[in-house]
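Here is a short tour of a model, written for someone who likes to look at the atoms while reading. Please keep the viewer open and follow along.

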Amino acid sequence: MSLDNLADADIKDAVMIACAQMVEHYEIAIYGTLCNWADKLGNKNALKLLKQNIDKEESADKKLTEIARSINQEAMV
Ligand SMILES: [Fe+2]
């Protein structure tokens, strides 16, 4: 199914935000795993950088959640 088949712009926005959040959650999960590996390997520099990545991904997820609150509401009417 393509977004082109959806007539309602609000529903398209809601779907795109949901997909973007799914990606952010995958990124947070994999960076968490990589942090654990860096920690186990004693690579403090990699651990620091990976934690910064997690912070950025979580920030992006929060922003998407804020946007989704209003967009999802609009998509339901
Ligand atoms: Fe991301």
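Does Ala60 count as buried, partly exposed or exposed, and what is its relative accessibility? At 24% relative accessibility, Ala60 counts as partly exposed; here buried means under 20% relative accessible area, exposed over 50%, and partly exposed in between, with a 1.4 Å probe and protein chains only. Ala60 has its place in helix α2. Its C-alpha atom is separated by 7.4 Å from that of Glu24, 36 residues apart along the chain.

A word on the source before going further. This is a predicted model, in which local features need pLDDT of at least 70 and side-chain atom pairs count only at pLDDT 80 or more, while totals for chains, interfaces and linings use all residues. Residues are numbered from 1 along each chain as its sequence is written, and side-chain values use heavy atoms, with hydrogens and water left out.

**The overall picture**

The protein has 2 helices and 0 strands; helices (H or I, at least four residues) and strands (E, at least two) are DSSP runs, numbered from the N terminus. Along its principal axes, the C-alpha trace spans about 50 × 25 × 10 Å. The radius of gyration is 17 Å, whereas a compact globule of 77 residues would have one near 11 Å. That radius is taken over C-alpha atoms, and the globule rule is 2.2 Å times the number of residues to the power 0.38. Of the 77 residues, 21% count as buried.

**How the two helices meet**

Helices α1 and α2 pack at an angle of about 160°, with their axes 8 Å apart. The axes are lines fitted to C-alpha atoms, for helices over the stretch in contact, and angles run from 0 to 180 degrees between N-to-C directions. The two helices are therefore roughly antiparallel to each other, a label for angles over 145 degrees. The contact of α1 with α2 divides into 19 nonpolar, 6 polar and 10 charged residues. In this count Ala, Val, Leu, Ile, Met, Phe, Trp, Tyr, Cys and Pro are nonpolar, Asp, Glu, Lys and Arg are charged, and the others, Gly among them, are polar.

Some residues let you follow the pair of helices from place to place. Ile17 is found in α1, Asp13 also lies in α1, and Lys56 lies in α2. The table lists C-alpha separations for each of them.

| Residue and partner | Distance along the chain | C-alpha separation |
|---|---|---|
| Ile17 and Leu64 | 47 residues | 6.5 Å |
| Asp13 and Glu74 | 61 residues | 9.7 Å |
| Lys56 and Ile28 | 28 residues | 9.2 Å |

How open are these residues? Ile17 counts as buried at 11% relative accessibility, Asp13 is partly exposed with 28%, and Lys56 counts as exposed at 59%.

**The iron site**

Which residues hold the iron ion as protein donors? They are Glu24 (OE), Glu27 (OE) and Glu57 (OE), lying 2.0 to 2.3 Å from the ion. Donors are N, O and S atoms within 2.8 Å of the metal (3.2 Å for Na, K and Ca), and water is not among the atoms, so sites may look incomplete. Along the chain, the donors follow the spacing E-x2-E-x29-E. Glu27 lies in α1 (residues 9-41) and Glu57 in α2 (residues 44-75), so this pair ties together parts that are 30 residues apart in sequence. Glu27 is partly exposed, with a relative accessible area of 25%, whereas Glu57 counts as buried at 13% relative accessibility.

Conventions
Angles under 35 degrees count as roughly parallel, over 145 as roughly antiparallel, 65 to 115 as roughly perpendicular and the rest as oblique.
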